[in-house]
Amino acid sequence: MVLKKLQEIVTVIKDIKEENQLLKEQNNKLKYEVTVLDKRLNVLEQKAIENFVKIVGVPKVKNEDCVKSVELIAESVGIKKIMAEVQTYQSKKSMKDNVKKLKLTGKSVNINWSDDKIYMNDSLTQFNRNLFFKARVFTRDVGYKFVWFKDF
């Protein structure tokens with residue numbers, strides 16, 4: 001009787017081990033699939049905002065017309081009409097290059113603005129923004145002065 005019960009327990013333990021191994025394999029497969037999907041989602045999100053720019057350095061003005069401000073900046077660098085999203089990737093690239101080349105400042109766009117430098121950056125997904133932040137922290141810690149990204 002005891003021997004029979006012991007054999008049953010051994011069989012149950014063997015079955016549980018086999019099931020546990022199967023569950024571990026399934027879990028690892030699911031983890032891999034989630035990682036792949038996270039990467040694909042990030043690529044799709046970045047593609048969706050590829051024509052968006054982030055303009056930094058524009059001073060706060062009471063009752064500001066943001067659309068007009070962006071249009072003024074666009075005109076200052078040779079782009080005719082722009083909203084938050086430019087029409088093509090090439091327009092965005094040209095606009096960013098011109099802002100950098102001209103060393104655009106608030107005063108060069110609007111005489112009533114301060115003379116602070118205006119920057120234009122790519123819009124980034126949350127994942128890429130975090131990655132860029134970590135890269136900046138790392139490079140600062142190892143002694144680099146600058147870090148940037150291009151065509152994410």
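Here is a short chat about a pocket, a core and a helix in this predicted model.

Visitor: What makes the lining of the largest pocket a mix of classes?
Guide: Its lining has 13 nonpolar, two polar and 12 charged residues. In total, 27 residues line this pocket, and Lys 96, Met 120, Asn 121, Trp 148 and Phe 149 lie nearest its centre. The space in the pocket comes to about 970 Å³.

Visitor: Which helix supplies the largest share of that lining?
Guide: Helix 3 does, with seven residues. Strand 1 (53-56), strand 2 (119-122) and helix 5 (126-141) each supply at least two as well.

Visitor: What makes the 12 residues of the largest nonpolar core a core?
Guide: A nonpolar core takes buried residues joined through side-chain atoms within 4.5 Å. The 12 residues here include Val 53, Ile 73, Met 95, Val 99, Trp 113 and Met 120. Helix 2 (66-76) and helix 3 each supply at least two of them.

Visitor: How do you know that the span of helix 3 agrees with what it should be?
Guide: Helix 3 has 14 residues, so at 1.5 Å a residue it should span 20 Å. Its end C-alpha atoms are 20 Å apart, and therefore the two agree.

Visitor: Which residues of helix 3 are buried, and why do we say they line one face?
Guide: Buried means under 20% relative accessible area, and Lys 92, Met 95, Asn 98 and Val 99 are buried in helix 3. Seen down the helix axis, the buried residues fall within an arc of 135 degrees, so they line one face.

Visitor: What does the face turned away from that buried side carry?
Guide: That face of helix 3 carries Gln 90, Lys 100 and Lys 101, which are exposed.

Note on methods. Residues are numbered from 1 along each chain as its sequence is written. This is a predicted model: local features need pLDDT of at least 70, side-chain atom pairs count only at pLDDT 80 or more; totals for chains, interfaces and linings use all residues. Side-chain values use heavy atoms; hydrogens and water are left out. On a 1 Å grid over the protein atoms alone, a cavity is a set of points where a 1.4 Å probe fits but cannot get out, and a pocket is an open set with protein on both sides within 12 Å along at least five of seven lines; lining residues have an atom within 4 Å of a point. Grid points are joined across faces, edges and corners, and a volume is the space filled by probe spheres set on the points. Helices (H or I, at least four residues) and strands (E, at least two) are DSSP runs, numbered from the N terminus. Ala, Val, Leu, Ile, Met, Phe, Trp, Tyr, Cys and Pro count as nonpolar, Asp, Glu, Lys and Arg as charged, and the others, Gly among them, as polar. Buried means under 20% relative accessible area, exposed over 50%, partly exposed in between (1.4 Å probe, protein chains only). The expected span of a helix is 1.5 Å times one less than its number of residues. The arc is that of the directions from the helix axis to the C-beta atoms.
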